[in-house]
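These are my notebook entries from one sitting with the model. I wrote down each item as I looked it up, one chain after the other and then the cores.

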Amino acid sequence: MKKDDFPLLKNRNLIYLDSAATSQKPKIVINAINDYYNNYNSNVHRGVYSISEEATLEYEKAREKVAEFVNALPSEIIFTKGTTESLNLLAYSLDLEEGDEILISEMEHHSNLVPWQQLAKKKKLKLKYIPVNEDGDLEFKPKLVTDKTKVISVTHVSNVLGTVNDIKNIVKNKKKALVIIDGAQSVPHMKVDVKELGVDFLAFSAHKMFGPMGIGVLYGKLELLEKLDPFLYGGDMIKQVSFEETIFNDVPWKFEAGTPNVVGAIGLGKAIEYINEIGIENIEKHNMELGKYAIKKLKELGVKVYGNPKNKLGVVSFNLNGMHPHDVSSLLDQENICIRGGHSCAMPLMKKLNVNGVCRVSFHIYNEKEDVDRLVNVLKKVLILVEKNGITV
Amino acid sequence: MELLFEELMEHYKEPRNFGSLENFDIKQFDSNPLCGDEVEITCKIDKDKIKEIKFTGEGCAISKSAASILTEYVRGKNLKEVIELSNERFLNLYGFKPSPMRIKCALLALITLKKGVVKYVGRENK
């Protein structure tokens, strides 16, 4: 029973079903954060005194843990404030010219859509979309990639439908394009090995994988990062500065201008330790089974469940016909059940599904089948009330 | 949960003044990205008073029921009174207290109406 590792769930007596938005934090991560502030809070890389050295050491140790976790080198791991910043870093830094093509998909989170859309407008690039079919799978066709395609940026796992996309197939057909994946929903829930997938870049956030908020990662192949110019300038990202010139620091520090989120990185390192203790494969299996169980139970209730992709993680979207997802969410909140209601930051996908929003439940290691049962019991009550009030469902 | 539900549903099920006026002096649209609520209010004005008012739109139960209650309340009211109707006062009239995030839903119709009224008054005073 992993629930006991998460103080908030006990303190607030909650059934928390919104881990795709953010995960709860285990005690050991909270303790690591407290330990940093209580015992060695200081700035990194420059201080020549013991607590600063300790902080630097722990910060860089966290980088090593992240690198090992996704099978990369420590120098290939850039700390950012989250997936969004990681993707923006690429949109700002990649060398793209008028006429170049960018290929993304219809199931992207706004964070992997808006940066490319705006960049395309500014630089007169062509933005193309891989379509999503009714099952919620991507309809990737090799011919979508042309000689002009410079970037393919797709989500690894859909935050709405839970679809696990076939990244290897996209990499196989990438031609000259760079392949970027948004791992915000995959890295916290399944084994992600950048070498095995063959991607050029991977972006993800700590807070969805038991780590703190405000810290995320951009992985990039070393030879690509060496060539890439930073888009944030300032302290820590330099080697030498004169009034006329600046020599940038080495990879990855040249991308980390300003005081980094040291405590965030340390928290993320601890979160990875926690995941490793349980085993990412066990987490994947646990969440996937809960997802399947939830779909079965929701279908028995007769509510509309969206998507039926070939491979799916523990994210389930549904609607009680005739009720706004936020109203459903508010009603569940009265019973201490947290779910997401709305467009889940994927408005274009909502349009494609022909809805204004959905109710979404998503799972993590602290959830159990009983949580699904309680959700379904309350939804049953809602449906009875709806019927009593004469609203057609 | 039952109580919340009854309060929300009463006006959601049968919103008052739902529709739009063909002859209007005020027509104002606004939306709330949180719930994707949309509301369009049309009003007929007579001697600085709201003579007729209707609203259309899609949205959650809170935004719809609030629009229903608001349109009932402001009919016959002076435009000045509408402009001066504070958020707090309207929430009192509305009766049900939404969670902090969802106060936006409850206030959407009021904010939309006020925008329309302010524009109308500006036009009239030119």
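I began with burial in chain B, where 40% of the 126 residues count as buried. The model is a predicted one, and I read every value here with that in mind.

Next I looked up the overall dimensions of chain B, and its C-alpha atoms fill a box of roughly 50 × 30 × 25 Å when taken along the principal axes. I then asked what radius of gyration chain B has. The value is 14 Å, and because a compact globule with 126 residues would have a radius of gyration near 14 Å, the two agree. I also checked the contacts in chain B between residues at least 6 apart in sequence, and 64% of them join residues at least 24 apart.

For the secondary structure I noted 5 helices and 3 strands in chain B, which follow the pattern α-β-β-β-α-α-α-α when read along the sequence.

I turned to the sheet of chain B, which is open, has 3 strands in the order 1-2-3 and shows antiparallel pairing. Its edge strands are strand 1 (26–32) and strand 3 of chain B, each of which pairs on one side only, and the twist averages 20° from one strand to the next. Strand 1 of chain B is joined to strand 2 of chain B by 7 bridges, and within this pair I found Phe29(B) opposite Glu40(B). Helix 2 (residues 61–74) of chain B packs on the sheet and touches strand 1, strand 2 and strand 3 of chain B, with its direction making about 165° with that of strand 3 of chain B. Helix 5 (residues 103–124) of chain B lies across strand 1, strand 2 and strand 3 of chain B, and I recorded its angle to strand 1 of chain B as about 145°.

I followed the other strand pair as well, in which strand 2 (residues 37–46) and strand 3 (residues 49–56) of chain B run antiparallel and are joined by 7 bridges. Asp46(B) stands opposite Lys49(B) here. The hairpin of these strands has 2 residues between them, and Lys47(B) takes a positive phi near 50° in it.

Moving to chain A, I found an open sheet of 7 strands in the order 2-8-7-6-5-3-4, with mixed pairing. Strand 2 (77–80) and strand 4 (126–130) of chain A are the edge strands, and neighbouring strands are turned by 20° against each other on average, direction ignored. One pair I inspected is strand 5 (residues 149–155) with strand 6 (residues 178–182) of chain A, parallel over 5 bridges, where Val151(A) stands opposite Leu178(A). Helix 3 (residues 50–70) of chain A lies across strand 2, strand 7 (201–205) and strand 8 (216–220) of chain A, and it runs at about 120° to strand 2 of chain A.

Last came the cores: which residues touch the most other members of the largest nonpolar core? They are Val70(A), Leu202(A), Tyr219(A) and Ala271(A), out of 109 residues. Helix 9 (residues 262–278) of chain A gives this core its largest share, 9 residues, while domain 1 (2–17 + 279–388) and domain 2 (27–277) of chain A each contribute at least three. A second, separate core has 29 residues, among them Ile50(B), Ile62(B), Val82(B) and Leu107(B). Leaving aside neighbours within four places in sequence, I listed the contacts of Leu202(A), which include Val70(A), Ile181(A) and Tyr219(A).

Note on methods
Residues are numbered from 1 along each chain as its sequence is written. Chains are lettered from A and ligands numbered from 1 in the order in which they are written. This is a predicted model: local features need pLDDT of at least 70, side-chain atom pairs count only at pLDDT 80 or more; totals for chains, interfaces and linings use all residues. A nonpolar core is a set of buried Ala, Val, Leu, Ile, Met, Phe, Trp, Tyr and Cys residues joined through C-beta atoms within 7 Å. A residue is buried if 20 or more other C-beta atoms lie within 10 Å of its own, exposed if 12 or fewer, and partly exposed in between; C-beta atoms are placed from the backbone. Helices (H or I, at least four residues) and strands (E, at least two) are DSSP runs, numbered from the N terminus. Domain bounds come from an automatic or database domain assignment. Two residues are in contact if their C-beta atoms, placed from the backbone, lie within 7 Å. The radius of gyration is taken over C-alpha atoms; the globule rule is 2.2 Å times the number of residues to the power 0.38. Two strands pair if DSSP finds at least two bridges between them. Axes are lines fitted to C-alpha atoms, for helices over the stretch in contact, and angles run from 0 to 180 degrees between N-to-C directions.
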